[in-house]
Structures are given as C-alpha cells and as structure tokens.
Amino acid sequence: MTDSDIFNQPYDILIAGGGNAALCAAITAARAGASVLVVEAAPKAMRGGNSRHTRNMRVAHDAGNDILTGPYPVDEYWDDLLRVTGGQTDEQLARLTLDRSKELWDWHQQQGVRFQPSLSGTLSLGRTNAFFLGGGKALLNALYLTAAALGVQVIYEAKVTDLNITEGVFHSAQVQKEGEVFPITAASFVAAAGGFEANIEWLSEYWGEAAQNFLIRGTPYNRGEVLRLLLNKQVQAIGDPKQCHAVAIDGRAPKFDGGIVTRLDCVPFGIVVNKHAERFYDEGEDFWPKRYAIWGRLVAMQPEQVAYAIIDARSVDLFMPSVYPPEQANTIEELAKKFTLDPQRLRTTVEAFNAACRPGTFDHTVHDECHTEGATPPKSHWARPIITPPFYGYPLRPGITFTYLGVKIDAEARIIMHDNKPSPNMFAAGEIMAGNVLGKGYLAGIGMTIGSIFGRIAGQGAAQAKHRPE
C-alpha cells in the first residue's frame, strides 16, 4: 500500500505521534473496533519519540514477583511523587495514574512486550521500576507489531501541519509528507506528539541565550508543532514552560538524541562544581533515582550551563559505568586543568568540603550518616573526603528529555478548551499532557507510566467518540 493509498482511506481516529503513548492509544482504539491512522514525524528507523530511549516504567504493586522485588504501594508512590513535585500536581489525574499503574505490566505483556527480571546494584530500581527486555526499541517493536496486526495504519516522516477545530470540536487535519499536503478527516483526534524540547528557538523564549547550551538527550523530532497548533486553537495550556525533565548528562554528548547512555550517576558520590570551581547544591540530598532529574535544571542555571562532577578512586565503581570515560588525574590541580578550572580554587573547594565531612559508616544503599557540617551548601548523605587518588571528573550539561508545558486534560484524557469545557473528540496522551501530573521534578520511569495510562484512556475515549453525533 502506498502512502497515497493510506492517506486516502477514511479513519475513525487520527493520532499524531508514534511513541508509547500513541501506540497504547492506537492499540486500545483498534481493539475497540476503530480504524486508526498514526502520523509519525520521524523516519521508521527513528520512530517512537523518547520511548525509543527508555528502559523502564514505574509501577505500583502490592507484592514482589518475577519482575519486581518487594511491594511498592500506591501510597508510597504518591509520597514519592509529592516529594519531587513539591505538591505541584493534579491530584485526581496523579492518583488515577498511580492507581492504574498496577495494570500496566499485564497489559503490555498482552501486547507482546517483555520485561526482564529486576536488576540490582548501582541502579537501585529493582523494587519500583519494571525494565523492558531489550529496552525502548524492543518495547516499540512489540507495540508496532501488535498495532499492525490490528490494522492500524502508520505513516512515517509526516507532520500534522494544521488542525480544523471549531468550538472545541475536531473536524480534520492537514498532514504533510514529502512536500505534499493531505487532508485527513476523522471522527476524533489524539495528540501524542511530545513536547517542544528539540525546538531550541522555542526554548529560548523562556530560557534566553542559555537554551543554546542545552543538550537534548531525547528525540530531535519533538519540536512541538502539534502542541503549538493546539494552543493556537483555544486549547487550554498547563505547565510552567521552564519546567522539564532535565538531567545532568555528560557534557561531551551530542546535541540531540544522546539517549540514556549519556546520563551520569556519579553525583551522590562526590561533589559538583560550576565553572568557578564552586559547589552549588546538596549532592547527597536523596537517592539518585528520586533526585537525579533536578540536576539538569541546576546545571542549566549555572554560568555557561556547565558543571563538573569530582570523585576519587573510592567511588569510581559505585555507579553505572558511563559511556564516555572520566578524565583522570593524580592531583586535584591536574584534574582542574583538564576542565580549564582554576586549580587553586578547586583545591580550596575540595579541602573545605573534606574538612566539613563528619565520620560515619558509608552506605550508598541507605540514607547513611556521612554528612557535612559547616559546608555551604551542605551534603546530607554519602559525604566522604575526596582524598584518594587517582581523582576523576566528568563535565556536565543540562540534558533535556521532555518539556512540561502541555495541554490541559480531564480524567478521560479529553483536551480542555479555554471555556473550561472538554472537547468531545480531542484527546491527549504522553509528554504533551505530562505537565498535568508533573508540575515540576521527575521520578524515574513515571513518564512511561503517564503515557501508558493516558494513552489507553485516550484510545478508549477516541473509539467511543466516533459514535457520538456531530
């Protein structure tokens, strides 16, 4: 079947986006009897948005099983979410997400997705996060195979360039492929096209020149075109445009698409300094899976959006190995020169930190008693003097995965219009609506959970919407 053949068919549902949320919506709608067209901006080899880079999703469960250890009750999940968001979340939507997360591993396995036994050691996520066997690409391959078996049509390297919406009702869209524009009429529309993190010009509207120094560790195809169209069509926005899932990644990573391998997990084991060789935040505030996502924004707020993680020989084997080797030196001054830091300033910072460390039993698996006294900022846990050569360092940059500015939805994943009324036939799922749940901060794996839950809800709603009278 040619692209023209695909475009010329009638569809019940048009879905913009080709990641996990979009496929969850497509499969759910197709199983409900709807005909579905998925429009993916990326080429087939790069399909799947940021789901391509994922490894796991965070799911509540009442008992351990062959995938996860120990219980992870909804109440604990809720407490974790409140902690990272500071309470900036829509409680109804958040609780819905966490409650229904228990369904996800069964549902995904029914679609052909496979999980691997829980991991241990440096990842510290064996209790809370279910890991996809083969990672994000394997997840997507399974979902695309299932979608194809159900008759879902997918068109690649195509963009939704306009939406015909009147009084909150979707009528049709324009889809562009290879310079040709195709009108698509459908009974309902699902927006699952991600955020705008790969659009540096849009990021610059909120971050100024600093945005030029950001690295986008996610897909380069999330440029926010569908989000912009919706916001220009009387759709209600939600989320702080400066908030995003941003982690500290290796400063040597590529500008786009570096993926999860560019993340560095060494922060809790040493100190982090800016270009002036000064510490700027508590490196031991909490476990890395709960706090790693704040470091992207922290680095983004430093001069020239750069920082450096400094550890010694005692810590180099305590975290997940990095894709780029660390810089290594026999003295702090030598290490400073490799990063063009002032050697004496870095020496002074390290010595001040070392002097503030209090004796204790180091244990990186718990909130241990190793902390600082008199240091600014303090280090709450895992504070050990950096004294054992060789010394190691990594350059850090803010690595953005996705932005939180999105479209407001209700519990049925219906898009909310400016008049506070839900659209009868427009739905949203995934990163384009994640800001409803994530006012700020991030929990490892929750992005996939939000996408899966609301993808399924959106698919169900869109399938039902096709039967509604005009």
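This is a chat between a biologist and a modeller about one predicted model.

Biologist: Hi! Let's start with rings. How many aromatic pairs are there?
Modeller: The count comes to 15 aromatic pairs in this predicted model. One of them is Phe402 with Tyr442, an edge-to-face pair with 6.0 Å from centre to centre and 80° between the planes.

Biologist: Where in the chain do Phe402 and Tyr442 sit?
Modeller: Phe402 belongs to strand S16, residues 391-403. Tyr442 is in the loop between strand S19 (422-428) and helix H13 (446-465). They are 40 residues apart, and the pair links distant parts of the chain.

Biologist: And are Phe402 and Tyr442 buried or exposed?
Modeller: Both Phe402 and Tyr442 are buried.

Biologist: Okay, moving on to helix H7. Which residues of H7 are buried?
Modeller: In H7, residues 200-207, the buried ones are Ile200, Trp202, Leu203 and Trp207. They lie on the same side of H7, because the arc they cover around the axis is only 155°.

Biologist: Why would residues three or four places apart point the same way?
Modeller: An α-helix has 3.6 residues a turn, so residues at that spacing face the same way.

Biologist: What does the face of H7 turned away from the buried side carry?
Modeller: That face has the exposed residues Glu201 and Glu205.

Biologist: And what covers the buried residues of H7?
Modeller: The cover includes strand S10 (215-216), helix H8 (225-231), helix H10 (295-300) and S16. S16 is also the strand that holds Phe402 from the ring pair.

Biologist: Back to Trp202 for a second. Which residues does it cluster with through ring pairs?
Modeller: Trp202 is linked with Phe196 and Tyr206 into a cluster. There's a charge there too: the charged end of Arg228 sits over the ring of Trp202, 3.8 Å from its centre.

Biologist: Nice. Where is Arg228 found, and what is it in contact with, leaving aside neighbours within four places in sequence?
Modeller: Arg228 is in helix H8. With those neighbours set aside, Arg228 is in contact with Trp202 and Glu205. Trp202 is on the list of buried residues of H7, while Glu205 is exposed on the face turned away from the buried side.

Biologist: How accessible is Arg228?
Modeller: Arg228 has a relative accessible area of 32%, so it counts as partly exposed.

Biologist: What lies over the face of Trp207?
Modeller: Lys242 does, at 4.5 Å from the ring centre. Just after H7 you'll also find Gly208, which takes a positive phi of about 65°.

Biologist: New topic: Asp250. Which strand is it in, S12 or another?
Modeller: Asp250 is found in strand S12, residues 244-250. With a relative accessible area of 1%, Asp250 is buried.

Biologist: What is Asp250 in contact with, apart from neighbours within four places in sequence?
Modeller: Asp250 is in contact with Leu215, Thr262, Leu264, Tyr324, Tyr394 and Pro395.

Biologist: How many Å separate the C-alpha atoms of Asp250 and Asp62?
Modeller: They are separated by 37 Å, with the two positions 188 residues apart along the chain.

Biologist: And Thr449, is it buried or exposed?
Modeller: Thr449, in helix H13, is buried with a relative accessible area of 0%. Leaving aside neighbours within four places in sequence, its contacts are Met57, Arg58, Tyr77, Thr97, Ser101 and Leu104.

Biologist: Last one: how many cavities of 30 Å³ or more are there?
Modeller: There are two. The second largest holds about 30 Å³ of space, and its lining is Phe269, Asp312, Arg314, Ser315, Arg384, Pro385 and Ile386.

Technical notes. Residues numbered from 1 in each chain as written. Predicted model: local features only at pLDDT ≥ 70, side-chain atom pairs only at ≥ 80, totals over all residues. Heavy atoms only, no water. Phe/Tyr/Trp six-rings, centres within 6.5 Å; stacked < 30°, edge-to-face > 60°. Helix = DSSP H or I, 4+ residues; strand = E, 2+ residues; numbered from the N terminus. Buried < 20%, exposed > 50% of the residue type's maximum accessible area, 1.4 Å probe, protein only. Lys NZ or Arg CZ within 6 Å of the ring centre and 35° of its normal. Arc of directions from axis to C-beta. Contact = heavy atoms within 4.5 Å. 1 Å grid on protein atoms, 1.4 Å probe; cavity = no way out; pocket = protein on both sides within 12 Å on 5 of 7 lines; lining within 4 Å. Points joined across faces, edges and corners; volume = space filled by probe spheres on them.
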